[in-house]
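Work through the exercises below with the sequence and the structure side by side. Try each task before reading its solution.

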Amino acid sequence: MSFQRIDAWPRQMLRGGYRLGAGVAALASLSVPGRRSGIRVFYGGARAGDIGGPLVKVKRLRERFPECHLGFTVVYTLSNAPYLPGFALRAIKARGIPIVTNQNGVFYPAWYGGNWRAMNAEMAAAYHLANYVFWQSAFCRRAADYFLGARQGQGEVLYNAIDTAHFKPANRQPSRPFTFLLTGKIDTHLFYRIEASLKGLAAARAKGLDARLMLAGWIADDALRRASETARTLGVNAAVRYAGSYTQEQAPGLYQQADAYI
């Protein structure tokens with residue numbers, strides 16, 4: 001069974017057009033004369049926002065390193081937003097502009113119903129052309145080498161950091177049931193994350209724990225429907241709360257409402 005939705009082809013065409021546009025724009029920037037100096041970062045077409053890992057990363061990075069589309073001196077690409085095509089990356093590297101890649105997950109057939117080989121091929125371009133790679137974990141490094149091919153070049157494992165002055169526990173109310181939290185951008189093909197959490201909640205409650213589960217973030221309509229059906233089947237519907245989407249500014253308060261993160 002394929003997890004791709006009916007609108008997969010239009011989305012792929014739009015994505016392909018966006019990647020081509022990002023590549024052409026990067027080449028146009030290279031042709032603009034002028035001195036390039038200092039740290040002037042171009043994020044390779046990746047956008048900023050509140051929902052989804054790549055969007056949040058770029059938003060936070062832009063706070064420290066504002067994006068520069070013309071005269072950039074560093075290109076920072078994200079594996080889960082591989083918008084610069086190979087021809088643009090090769091031209092950038094030929095000009096001596098360093099490429100830094102943040103390597104997170106890869107596509108594999110156990111969860112992606114589309115052409116996972118083609119998606120990994122897109123991702124592999126930046127992975128192998130990059131001057132330096134930041135892997136988000138040792139597992140990410142092994143997965144990338146397995147699905148994208150062993151890399152020759154510098155890099156290091158750099159775990160996602162937490163600002164503990166921003167994200168900090170609140171005083172817990174003793175009367176509150178033990179609450180688990182699951183967050184993220186959950187599309188249809190990622191429903192297994194919700195399903196596993198609901199089954200875990202049911203098992204914990206069956207063992208006598210007065211537990212609750214809070215789901216927060218963007219959830220696809222089909223995944224939300226299946227979540228409600230699964231919760232009713234498991235008999236935990238009343239113990240599940242759907243908090244909806246949230247911004248990064250709202251995130252600390254949301255996390256403080258839970259006791260454990262899934």
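**Exercise 1.** Does Glu249 count as buried or exposed, and what is its relative accessibility?

*Solution.* Keep in mind from the start that this is a predicted model. The relative accessibility of Glu249 is 56%, and because exposed means over 50%, Glu249 counts as exposed. As a next step, look for its partner: Glu249 forms a salt bridge with Lys59, in which the closest N and O atoms are 3.3 Å apart. Finally, place both residues along the chain: Lys59 lies in helix α2 and Glu249 in the loop between β8 and α8, so that the pair, 190 residues apart, links distant parts of the chain.

**Exercise 2.** Find how Arg225 and Glu229 are placed in helix α7, and which network they belong to.

*Solution.* Begin with the spacing: these residues are four apart in helix α7, which means that about one helical turn separates Arg225 from Glu229. Their closest N and O atoms are 3.0 Å apart, and the two form a salt bridge. Arg225, at 40% relative accessibility, counts as partly exposed, and Glu229, with 36%, is partly exposed too. Through salt bridges with shared partners, Asp222, Arg225, Arg226 and Glu229 are joined into one network.

**Exercise 3.** Which element gives the largest share of the largest nonpolar core?

*Solution.* The largest nonpolar core has 48 residues, and Val75, Leu84, Ile92 and Ile194 have the most contacts inside it. The largest share, seven residues, comes from α4. Turning to this helix, one finds residues 116-129, with a kink of about 30 degrees centred on Met123, and Met123 is also among the buried residues of α4.

Definitions and conventions: Residues numbered from 1 in each chain as written. Predicted model: local features only at pLDDT ≥ 70, side-chain atom pairs only at ≥ 80, totals over all residues. Heavy atoms only, no water. Helix = DSSP H or I, 4+ residues; strand = E, 2+ residues; numbered from the N terminus. Expected span 1.5 Å × (residues − 1). Bend = angle between axes of the 7 residues up to and from the residue. Buried < 20%, exposed > 50% of the residue type's maximum accessible area, 1.4 Å probe, protein only. Core = buried A, V, L, I, M, F, W, Y, C linked by side-chain atoms within 4.5 Å. Salt bridge = Lys/Arg side-chain N within 4 Å of Asp/Glu carboxyl O.
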